[in-house]
Amino acid sequence: MSAKATVERRAFVARLMGGIPDALVVTGLGSPAYDVFAAGDRDASFYLWGAMGGAAPMGLGLALAQPGKPVVVITGDGEMLMGMGSLATIGAQRPVNLTIVVLDNGHYGETGMQPSHTSLGTSLVTVAKGCGIEDAFPVDRLEGADDVARRVNARDGTAFAVVTIAAEEPPRALPARDGVYLKNRFRAKLGLPPF
Amino acid sequence: MGGEVAQWQEDLYRVLKAGRIGQVAYVPDAGHAHLIRRVQADPDIRDIVLTTEEEGVALAAGAWLGGQRAVLLMQSSGVGNCVNMFSLLRSCRFPFVALVTMRGEYAEFNPWQGPMGRGSQEAMELMGIAVHRVSEPGAVAEVVSAALDAAFLAGDRVAVLLSQSLLGRKKWERK
């Protein structure tokens with residue numbers, strides 16, 4: 001893994017978010033949430049602060065409920081590994097408006113940079129393909145964000161991008177932690193009442 | 001399996017239709033088999049088979065973010081698989097409805113079903129989910145309908161436990 005080119009996570013997420021202004025976004029907990037927030041807070045960004053393993057299935061429920069809008073899950077390798085079964089669930093549904101972006105540094109960054117399974121043999125691209133998500137691909141350049149954004153906006157098939165990022169820890173940028181607030185502002189953005 | 005379908009099983013489908021449920025997520029159980037077949041045949045309801053029940057908790061939250069009502073079907077053994085994911089519901093006050101078919105409590109042949117079956121109600125209550133139990137076939141529709149109201153009109157988290165006695169004895173011989 002270490003021989004691969006790596007991408008700076010904040011720059012990648014900022015470039016991706018810049019290219020998907022209309023997307024509904026769900027983030028996994030930890031650094032991906034900080035990256036998305038640092039790129040500019042949006043009402044249609046829902047940041048998980050827990051529920052590890054839940055980002056992808058949450059994105060699935062959202063994508064099925066909002067078929068006319070692009071839905072993007074932005075999460076880390078550890079969070080995706082915990083919810084790996086959900087790739088089989090998503091592979092069975094394959095909503096055309098769902099894209100999952102895994103920021104893969106091969107480590108559990110939030111807890112002291114212990115190596116994760118993606119450093120130890122697991123290929124999430126291969127797992128996703130094995131689950132029937134055919135448009136699963138690695139990204140190892142910053143410019144790859146443009147290609148991911150294009151797929152998001154096209155809404156023409158479930159896509160799964162694994163971005164090889166450097167195992168760095170950029171300054172923390174903390175989004176709101178009040179789940180009720182995050183939920184209600186997200187729904188309001190879609191014209192839905194609170195609850 | 002197969003054979004005659006109990007009225008309460010058809011009632012479940014009717015109540016979910018009346019409640020405008022758009023997504024039904026499940027890990028299969030024999031007690032839900034009829035409902036799952038009905039949902040699969042309904043173009044207005046998306047059926048989503050899960051690898052583990054906790055996916056359904058997150059999926060239901062995502063559906064609600066997008067303005068759609070979802071219901072999770074599972075058997076009691078699945079409750080334990082969900083415990084941490086239930087925190088998502090309480091942290092964000094997401095509405096939630098689970099229909100749980102019970103094992104380990106009535107004419108149970110498999111002792112391995114006992115521990116989680118016996119702990120299911122308490123596990124959900126510990127995580128802030130209100131639990132209603134139904135043991136009378138004629139009460140299924142009313143209680144599930146009440147659960148949908150509590151969730152989607154009042155924003156509450158509700159589970160309905162369908163007693164194993166509703167399902168009768170499991171036949172262990174295969175022909």
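Student: Two strands pair if DSSP finds at least two bridges between them, right? Then which residue stands opposite A:Val72 in E4(A)?

Tutor: A:Thr99 does. Those strands are E3 (residues 71–76) and E4 (residues 98–104) of chain A, which pair in the parallel sense over six bridges. Helices (H or I, at least four residues) and strands (E, at least two) are DSSP runs numbered from the N terminus.

Student: And what am I looking at, model-wise?

Tutor: It's a predicted model, where local features need pLDDT of at least 70 and side-chain atom pairs pLDDT 80 or more, while totals for chains, interfaces and linings use all residues. Residues count from 1 along each chain as written, chains are lettered from A and ligands numbered from 1 in written order, and side-chain values use heavy atoms, without hydrogens or water.

Student: OK. What's the strand order of the open sheet in chain A?

Tutor: E2-E1-E3-E4-E8-E7, six strands with parallel pairing. E2 and strand E7 (135–139) of chain A are at the edges with a single partner strand each, so one side of each has no neighbour in the sheet. From one strand to the next, the twist averages 15°.

Student: Which strands does H3(A) touch?

Tutor: H3(A) packs on that sheet against strand E1 (24–27), E2, E3 and E4 of chain A, with heavy atoms within 4.5 Å counting as contact. Its direction makes about 175° with that of E3(A). Axes here are lines fitted to C-alpha atoms, for helices over the stretch in contact, and angles run from 0 to 180 degrees between N-to-C directions.

Student: Now chain B. What order do its six strands take?

Tutor: Chain B has an open, parallel sheet in the order E2-E1-E3-E4-E6-E5. Strand E2 (46–49) and strand E5 (130–134) of chain B are the edge strands, each pairing on one side only. Neighbouring strands in this sheet are turned by 20° on average, ignoring direction.

Student: How many bridges join E1 to E3 in chain B?

Tutor: Five, between residues 21–26 and residues 69–75, running parallel. For instance, B:Ile21 has B:Arg69 as its bridge partner in E3(B).

Student: What does helix H3 of chain B lie across?

Tutor: Helix H3 (residues 53–65) of chain B crosses E1, E2, E3 and strand E4 (96–101) of chain B, at about 170° to E3(B). Helix H5 (residues 114–126) of chain B packs on the sheet too, touching E4, E5 and strand E6 (157–162) of chain B, and its direction makes about 150° with that of E5(B).

Student: Switching to the interface: how much area do chain A and chain B bury between them?

Tutor: About 2,300 Å², with 64% of it on carbon and sulfur atoms; that's accessible area (1.4 Å probe) lost on being put together, summed over both parts. A:Met58, A:Gln93 and A:Phe195 supply 24% of what chain A buries against chain B, more than any other three residues. Helix H3 (55–65), helix H5 (85–93) and helix H8 (179–189) of chain A each bring at least two residues to that side. H3(A) gives the most, with seven residues. In contact overall are 27 residues of chain A and 28 residues of chain B.

Student: How many salt bridges are there between chain A and chain B?

Tutor: Zero, counting a side-chain nitrogen of Lys or Arg within 4 Å of a carboxyl oxygen of Asp or Glu. Over all chains the structure holds 17. One of them joins the side chains of A:Arg185 and A:Asp43 (3.8 Å, N to O).

Student: Where do A:Arg185 and A:Asp43 sit?

Tutor: A:Arg185 is in helix H8 of chain A, and A:Asp43 is in the loop between helix H2 (31–38) and strand E2 (45–47) of chain A. The two are 142 residues apart, linking distant parts of the chain.

Note on methods: Two strands pair if DSSP finds at least two bridges between them. Buried area is the accessible area (1.4 Å probe) that two parts lose on being put together, summed over both.
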